[in-house]
Amino acid sequence: MNNTGKKKSIAESPISFSLPLLFCPLLVISWIYGGLTILLTPIFGYVIITIFDFLTKENKNEDALIKGNIFDYKIILYLWPFVQIFLLFGTLTAIFFFDHLNLIESVGLMLVLGMITGAVGITFAHELMHQKTKRERFLADILMGMAIYGHFRTEHILVHHRYVGTKRDAVTARFNEGFYSFFLRVIPNSFISAWNVEKERLLIKKKSIFHLSNPFYNYFLIPLFFLTCAFLIGGVMAICLFLLQAIIAVLHLEVVNYIEHYGLSRKKLAENKYEPTKSFHSWNANHKMSNLLLINLQKHSDHHARPDKLYPTLNAFDENSAPQLPFGYPLMVVLSLFPIFWRKIMNPKVLAWREQFYPEIYDWTTLN
């Protein structure tokens with residue numbers, strides 16, 4: 001459970017983390033040709049990436065040292081919000097100004113787009129919201145605004161990271177909880193917890209909840225702006241399609257939340273006090289290609305242990321320091337949608353995790 005003797009390795013080059021840009025030509029091809037070309041994006045994101053995960057060697061027990069200037073790794077973060085705006089409104093333009101796409105193709109395009117805005121856009125937003133500058137956090141708000149889920153920034157930073165692995169964290173999936181039950185529980189609870197946190201912060205500062213410093217202005221106004229743009233392109237139908245991609249984006253976000261901490265718990269030391277978050281309180285995956293696509297999001301154990309670290313420097317923990325997912329996120333996402341298979345694979349891993357890291361605990365029902 002310690003990291004002594006860890007090897008040092010050079011992080012992947014900045015250009016390697018631009019893999020998500022390959023979604024752009026794939027989606028543009030779908031705009032032009034429609035039909036089966038719409039499947040190119042999910043085939044790349046789920047099938048091809050998974051195949052290369054199996055073919056390439058995992059990184060294990062390594063500390064990453066960046067190659068060159070840290071700013072080079074941030075370029076893709078700064079670029080992606082504008083790329084995503086182009087993809088989102090380009091897709092709506094293709095649907096409403098081209099004559100060759102039927103209703104089924106239009107819906108298919110927005111489902112595929114939601115996969116990109118969720119799996120890539122929200123992943124990039126997650127990285128940006130952990131940065132220190134207002135500019136970077138605003139870029140995160142833009143990306144989350146396209147998913148109409150801006151409150152995630154408050155909930156993630158001020159609630160999830162503080163209470164992960166406890167019952168006070170809505171997005172820590174409970175042992176034996178299926179994804180669909182988790183999803184229905186998380187959607188309202190994450191919004192409520194984010195609102196309560198911001199309200200409490202303003203009250204401490206003796207400010208009204210209507211004070212302009214309340215980030216919920218951003219969380220509401222940015223999506224409203226995007227919805228207005230959609231309406232100008234295609235009216236009410238465009239708004240419906242926009243909402244469809246937002247639902248798929250949020251689905252991708254919450255299924256990843258479900259995967260990242262399923263069944264893992266922290267000890268409760270006293271009232272409102274828990275043991276420090278450690279590397280073994282998150283599921284880890286060192287699969288190479290899916291980590292390139294998701295800018296090392298799968299090295300989640302180190303992210304929670306040290307949330308201020310930039311994505312290329314995240315450590316690749318091995319099984320001695322963190323519980324390991326059997327596959328990268330693309331395949332784990334699909335697996336989580338089938339609760340019977342999910343439990344069959346993951347429940348034994350949770351029980352093994354308990355035995356490995358908490359052999360002294362016998363009654364897990366009262367842990368936190």
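Start with the ring cluster: ring pairs tie together Phe-175, Phe-179, Tyr-180, Phe-182, Phe-183, Tyr-258, Tyr-262 and Trp-342. Keep in mind that you're looking at a predicted model. Across the structure there are 28 aromatic pairs, but the disulfide count is zero. Here's a quick tour of the rings, the charges that sit over them, and the cysteines.

**Ring pairs**

- A pair of aromatic rings is described by how far apart the centres are and by the angle of the planes.
- Among the 28 aromatic pairs is an edge-to-face one made by Phe-54 and Phe-327, with 6.1 Å from centre to centre and 65 degrees between the planes.
- This pair links distant parts of the chain, as its two members are 273 residues apart.
- Phe-54 belongs to helix α2 (residues 40-55), while Phe-327 is in the loop that runs between α10 (300-305) and α11 (329-336).
- Phe-54 is exposed, at 56% relative accessible area, whereas Phe-327 comes out as partly exposed, at 24%.
- Phe-216 and Tyr-219 make another pair: the ring centres are 5.0 Å apart and the planes sit at 70 degrees, so this one is edge-to-face as well.
- You'll find both Phe-216 and Tyr-219 in helix α8 (residues 216-261), three residues apart, or about one turn of the helix.
- Are Phe-216 and Tyr-219 buried or exposed? Both of them are buried.

**Charges over rings**

- Back at the cluster, one of its members, Phe-175, has Arg-354 lying over its face, 4.7 Å from the ring centre.
- Tyr-78 has a charge over its ring too: Arg-135 lies over the face of Tyr-78, at 5.2 Å from the ring centre.

**Cysteines**

- How many disulfides does the structure hold? The number is zero.
- Why is Cys-24 without a bond to another cysteine? The closest cysteine sulfur belongs to Cys-229 and is 19 Å from the sulfur of Cys-24, which is too far for a bond, because a disulfide needs the two sulfur atoms to be within 2.5 Å.
- Cys-240 is in no disulfide either, and for this residue the nearest cysteine sulfur, 17 Å away, is again that of Cys-229.
- Cys-24 is buried, with a relative accessible area of 14%, while Cys-240 counts as partly exposed, at 42%.

Methods
Residues numbered from 1 in each chain as written. Predicted model: local features only at pLDDT ≥ 70, side-chain atom pairs only at ≥ 80, totals over all residues. Heavy atoms only, no water. Buried < 20%, exposed > 50% of the residue type's maximum accessible area, 1.4 Å probe, protein only. Phe/Tyr/Trp six-rings, centres within 6.5 Å; stacked < 30°, edge-to-face > 60°. Helix = DSSP H or I, 4+ residues; strand = E, 2+ residues; numbered from the N terminus. Lys NZ or Arg CZ within 6 Å of the ring centre and 35° of its normal.
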